[in-house]
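Reader: I'd like a close look at one buried spot in this protein, set against the chain as a whole. Please walk me through it and say what your cut-offs are.

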Amino acid sequence: NNTVLVCLQFNNSKQRAMMFTSFARRSLLQARQQVINGTRRAASTESNSPITQWYNMFGSSNIAYVGFICVGLVITEQSFGFITDSLWASANYGKTFDTIDWSKFVVDDDDDDDDDEEEEEEEEEDDE
């Protein structure tokens, strides 16, 4: 009883493999025939989609693709840097050197500066 079951499973898997092989062979033959007849065309000539336009402009040559990647990286870095700097500045407004209102820290006592200027003038007169 077990031997019959094993033989049936083996035959079943063998039939599946043969069906797959015949399907693959038939598909390849149909594709070959389409290429020979010229009925199968490249997608880039038939379609005018944005992806096709991008490929025709940047993806068709290696140097254009590398240039696209480099320019894209620079633009992305600049945008990301600007956005993160703006977020940082808004989150830390009033806490950084650039955003502090320094007019609040002005000292009205300028006597020390006047004394320094008088001493410099006296030294200049003594030197002469």
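**A buried spot and a nonpolar patch**

Author: Going along the sequence, you get the pattern α-α-α-α-α. That's five helices and zero strands, where helices (H or I, at least four residues) and strands (E, at least two) are DSSP runs numbered from the N terminus. Bear in mind that this is a predicted model, in which local features need pLDDT of at least 70 and side-chain atom pairs pLDDT 80 or more, while totals for chains, interfaces and linings use all residues. Residues are numbered from 1 along each chain as its sequence is written, and side-chain values use heavy atoms, with hydrogens and water left out.

Now for your spot: Thr52, in helix H3 (residues 50–59). Thr52 counts as buried because its relative accessibility is 13%; buried means under 20% relative accessible area, exposed over 50%, and partly exposed in between (1.4 Å probe, protein chains only). Just 3% of the 128 residues count as buried. The Thr52 side chain also makes a polar contact with the side chain of Ser49, at 3.0 Å (N or O atoms within 3.5 Å, one able to donate a hydrogen and the other to accept it; sequence neighbours count only if both atoms are side-chain atoms).

As for the surface, the protein exposes about 12,100 Å², with 57% supplied by carbon and sulfur atoms (Shrake-Rupley method, 1.4 Å probe). Over in helix H4 (residues 62–91) sits Phe68, which is partly exposed because its relative accessible area is 34%.
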